[in-house]
Amino acid sequence: MSLINDDMQQLLLNYCEPESALLKKIDRETNLKVLMPRMISGHYQGRVLSFLSKMITPRRILEIGTFTGYATICLAEGLTEDGIIYTLDKNEELEEMVIRNLAAAPNPSKIIYILGDATETINDLEETFDLVFIDADKKNNGTYYDLIFDRIRPGGLIIVDNVLWSGKVLKPAQDKETKNISTFNDKIAADDRVEKLILPIRDGLFIIRKK
């Protein structure tokens with residue numbers, strides 16, 4: 001999924017903050033036991049998410065797509081003392097692993113894990129968010145964006161993962177999944193309510209700031 005070669009990736013890792021023992025354990029267990037382990041954010045992207053979170057010190061974070069909890073823990077590192085991250089996922093098969101991983105986080109009381117269809121569970125959250133991370137089923141990126149937009153404070157960030165889709169967005173002939181991602185990218189590019197840029201980190205992170 002990375003858009004850079006292995007040697008450059010290793011150099012980037014050498015010059016960023018180290019991965020905690022817990023995050024290393026989650027990464028290893030995910031790769032050993034979970035289907036499609038490449039979905040995990042991993043060391044470098046995890047440090048990027050942590051860094052962005054710490055820069056804005058959010059009081060409320062929403063994560064759509066928990067997977068095994070790696071990114072959740074990274075994002076939670078920037079929370080204020082009274083901060084909370086809500087993380088939404090519908091994969092019941094990973095529930096036991098996720099609960100165990102999040103319980104081991106440095107700040108487990110700040111993490112609220114909600115199992116169910118995010119297009120529905122979002123509506124149960126009466127919060128204004130400082131940061132939203134969207135990393136779930138790609139066909140619903142636009143739906144999630146629309147559902148949360150009015151709940152983001154001015155100056156808040158929306159981060160969307162996998163927007164370069166292993167470079168497939170460059171191809172003139174695109175499969176259905178790639179078309180969904182390209183359509184979402186075009187939607188953000190045309191939205192004058194936000195400032196935006198894509199960071200070519202791993203599979204592409206769209207960083208979107210609400211004006």
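Start by selecting K54: setting aside its neighbours within four places in sequence, K54 is in contact with E77 and G78. The model on screen is a predicted one. K54 is found in helix α3. It is partly exposed, because its relative accessibility is 44%. Add T80 to the selection and draw the distance between the two C-alpha atoms: K54 and T80 are 9.1 Å apart in space, with their positions 26 residues apart in sequence.

**Along α3 to S50**

Stay on helix α3 and select S50, which is also found there. With a relative accessible area of 1%, S50 is buried. Leaving out neighbours within four places in sequence, S50 is in contact with C74 and E77. E77 is therefore worth keeping on display, since K54 is in contact with E77 too. For a long-range distance, pick N185: the C-alpha atoms of S50 and N185 are separated by 23 Å, and the two residues are 135 apart along the chain.

**The cysteines**

From S50, move to its contact C74. C74 counts as buried, because its relative accessibility is 0%. How many disulfides does a search of the whole structure find? The search finds 0. Select C16 next: C16 is in no disulfide, and the nearest cysteine sulfur, in C74, is 10 Å away. Seen from the other end, the closest cysteine sulfur to that of C74 is in C16, and a separation of 10 Å is too far for a bond, because a disulfide needs the two sulfur atoms within 2.5 Å.

**D135 and its surroundings**

Now select D135, in the loop between β4 (129–134) and α7 (141–149). Is D135 buried or exposed? D135 counts as buried, because its relative accessibility is 15% and the limit for buried is under 20%. Show side chains here: that of D135 makes a polar contact with the side chain of K138, at 2.9 Å. Not counting residues up to four places away in sequence, D135 touches M39, I64, G65, D161 and N162.

**The cavity**

Keep D135 selected and turn on a cavity display. A search of the whole structure finds 1 cavity of 30 Å³ or more. The largest cavity holds about 60 Å³ of space. Which residues line the largest cavity? They are M39, I40, S41, E63, G65, T66, F67, Y70, A71, F133 and D135. Coloured by class, this lining shows 6 nonpolar, 3 polar and 2 charged residues. M39 and G65, both in the lining, are also among the residues that D135 touches.

**The largest pocket**

Switch from the cavity to the pockets. The volume of the largest pocket is about 800 Å³. It is lined by 33 residues, and those closest to its centre are M36, M39, D135, A136 and D137. To find parts of the lining by secondary structure, highlight β2 (84–89) and α8 (176–189), each of which supplies at least two of the residues. By class, the lining of the largest pocket divides into 13 nonpolar, 7 polar and 13 charged residues.

**The second largest pocket**

About 250 Å³ of space lies in the second largest pocket. Of its 15 lining residues, Q9, S41, G42, H43 and R202 lie nearest the centre. Highlight α1 (6–14), α2 (21–33) and α3 (42–56), which each supply at least two residues of this lining. Which element gives the largest share? The largest share, 4 residues, comes from α3. The lining of the second largest pocket has 4 nonpolar, 7 polar and 4 charged residues. S41 also appears in the lining of the largest cavity.

**Two backbone angles**

The last two stops concern phi. Most residues other than glycine have a negative phi, and most peptide bonds are trans. Return to M36, one of the residues closest to the centre of the largest pocket. Phi of M36 is near 55°, a positive value in a residue other than glycine. M36 is found in the loop between α2 and α3, and it is partly exposed, with a relative accessible area of 48%.

Finish at W165, in the loop between β5 (152–161) and α8. W165 is not a glycine, yet it has a positive phi of about 50°. With 16% relative accessibility, W165 counts as buried.

Terms used. Residues numbered from 1 in each chain as written. Predicted model: local features only at pLDDT ≥ 70, side-chain atom pairs only at ≥ 80, totals over all residues. Heavy atoms only, no water. Buried < 20%, exposed > 50% of the residue type's maximum accessible area, 1.4 Å probe, protein only. Polar contact = N/O pair within 3.5 Å; in protein donor to acceptor, adjacent residues only side chain to side chain. Contact = heavy atoms within 4.5 Å. 1 Å grid on protein atoms, 1.4 Å probe; cavity = no way out; pocket = protein on both sides within 12 Å on 5 of 7 lines; lining within 4 Å. Points joined across faces, edges and corners; volume = space filled by probe spheres on them. Nonpolar A, V, L, I, M, F, W, Y, C, P; charged D, E, K, R; others polar.
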